[in-house]
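Work through the exercises below. Try each task before you read its solution.

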Amino acid sequence: MSRDGGDSRAFYLPDFCTPRTTLAIVLIVELTAFVLSLARQTASDFWGDLVRTSMFLLWIGLSGAALLCALRARLARLTEAAGSAAVLALIAALVAGISLCAWALGRSHLVIDAGGAPLFPREWRSFTLRNVWISLVVTGLALRYFYVAHEWRQNVELRAAARVHALQARIRPHFLFNSMNTIAALTRSNPPRAEAAVQDLADLFRATLSEKRNTITLAEELEVARTYQRMEQLRLGDRLQVEWKTDALPANALVPGLMIQPLLENAIYHGIEPRAAGGTVTISGEVSGGQVTIVVRNPIEANPSLATRDGNRLALANIRERLSLMYGERALIKSGRFDDEFIVTLRFPLIEKPAAQNA
Amino acid sequence: MSSPARLKVLIVDDEPPARERLRSLLAEIPGVEVAGEAVNGQEALAHIHELNPDVLLLDVRMPGMSGLEVARHLNVLEEPPAVIFTTAYDEYAVEAFAAQAAGYLLKPVRREQLAAALAHAGRLTRAQLQKLAAAAGATARRSHIAARRREGLRLIPIEEVQYFLADQKYTTVGHVNGEDLIEDSLRLLESEFGAAFVRIHRNALIAVKHLERIERNAAGQYFVRLRGCTEPLQVSRRMAGELKERFRI
């Protein structure tokens, strides 16, 4: 029953089976009735005229919605032009049918006996013809409106998806080529380790390039970060120590993909690599009050003249943007240097993955 | 191949797998031998003196002293080795290497390219090195001053330098562990370390962080005293105004 979000080629007409659309139909109908009543200039009985017109148009509008609701799947199979033409034809036929019904009802004994005959049309031909013309114009306008609204929504969705993807698909070229170099070395000296490294690198790329999974579980994200650590460990050896204090974190909490790995990457790139002696990166996490907190700390080069690496604002801004796309105001990321450490704190609401759901 | 002397190569890289790979590639190239390995810039400069290699395979990105800075210090040597830079990825630097015609290899290094680079390795000029450093985004400032001594190259951390005094031919570096002679001109030193040093005389630059106090004698002559230095240094009349301005005396 949900909206047709996923398929970008989805038919532009909304689902007429939903209350929202029905309400929109009623609104369109009432506006049309109002315009028609005003245009008729029957000064004597404006409200009576409006009520009559509304009743008639609601009849058309709601049965039209029902018709489109039932036929939507079939219409969606046509091209946009053919679908639109079909909708116009269907509505015109419906209006003609209902107009004839109304005319016939006005001639029935039931109405004549009740003295309601003046309320109904006397002549069927011009009545039906006018109604069909009006319906074609109004349906045409409505279709145009739905089309533009659909385009706009699709645009917004595409742009958001593209932004998330662009933010995610980011691996430091520096890391890639160094890893390749490490693997080239291991291929000669230690083929089993080279094989493991290729597998790790493949996993990292899969995680980075994955388009479908915007959110993953915390356990999966931690595994990506550990895979990353293994790759860097090969290259940096004992200079890199990583302390994991993440046992308190719920494994099935949902997180936007690539939240922790880039922080580890940053910590290594800015905190460990520039130091000849290396150092320890600490990753700790806890849950309290429905909030997940993850803290990544790394030592910083005491001698500023040796700290030549560019700032890491890019990666942090990237994570900040993705967090806000997912959680809005309810997530935060902050960073700063405290004494001889650089600390990044990540906080976002705990949303656990439902057990039954298959991603 | 005709020359009996083998080319001695020093490998400088902070990453063990990278050194390992270069070593195994070099083993397959005839006429080449690995003289040694260094894991950072300081170690490289020490090894160069001991091992006297013909060629340096020098990683650009290293903790502490970068490959580019190591190369700049080589100019101090009488017979510096040829330099081939190795780099995994340095967006802009790669273009600069190509433009400066310096030997450079992209990691993972190919054996044929390594062999070709060794065959054509040459020295780098100071100008080339400065352009490379600028392109690599490395600070143009060195972190050390290299002084040539009988027992080898001495690296003086720039923070330990108290003053530079220019002579006719040489420049004296005064630092916390004594004095050394270098060939750099005061003008170049001032442009390189401008922010941390201040000119007090036509022939003297002092480190601001080592400045203890400014004195004036009866004749109206100004002197500066540096922490850890017994002798005061004279301030020229022309520079006295600027000095007073800078330290708001």
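**Exercise 1.** Compare the span of helix α1 of chain B with the expected one.

Solution. Helix α1 covers residues 16-27 of chain B, 12 residues in total. Its first and last C-alpha are 17 Å apart, close to the 16 Å expected at 1.5 Å a residue. The expected span is 1.5 Å times one less than the number of residues. Helices here are DSSP runs of H or I with at least four residues, strands are runs of E with at least two, and both are numbered from the N terminus.

A note on the source: this is a predicted model, where local features need pLDDT of at least 70, side-chain atom pairs count only at pLDDT 80 or more, and totals for chains, interfaces and linings use all residues. Residues are numbered from 1 along each chain as its sequence is written, while chains are lettered from A and ligands numbered from 1 in the order in which they are written.

**Exercise 2.** Find buried residues of α1(B) and what they pack against.

Solution. Buried means that 20 or more other C-beta atoms, placed from the backbone, lie within 10 Å of the residue's own. Among those in α1(B) are P17(B), L22(B) and L26(B). The buried residues pack against α6 and α8 of chain A. From chain B, their partners are β1, β2, β3 and α5.

**Exercise 3.** Which strands stand at the edges of the sheet β13-β14-β15 of chain B?

Solution. The sheet is open, with antiparallel pairing. Strands pair if DSSP finds at least two bridges between them. β14(B) and β15(B) are joined by 3 bridges. One of the bridge pairs is V224(B) with L233(B). β13 and β15 are the edge strands; each has a single partner, so one side of each lacks a neighbour in the sheet.

Notes:
Buried ≥ 20, exposed ≤ 12 C-beta atoms within 10 Å, placed from the backbone. Contact = placed C-beta atoms within 7 Å.
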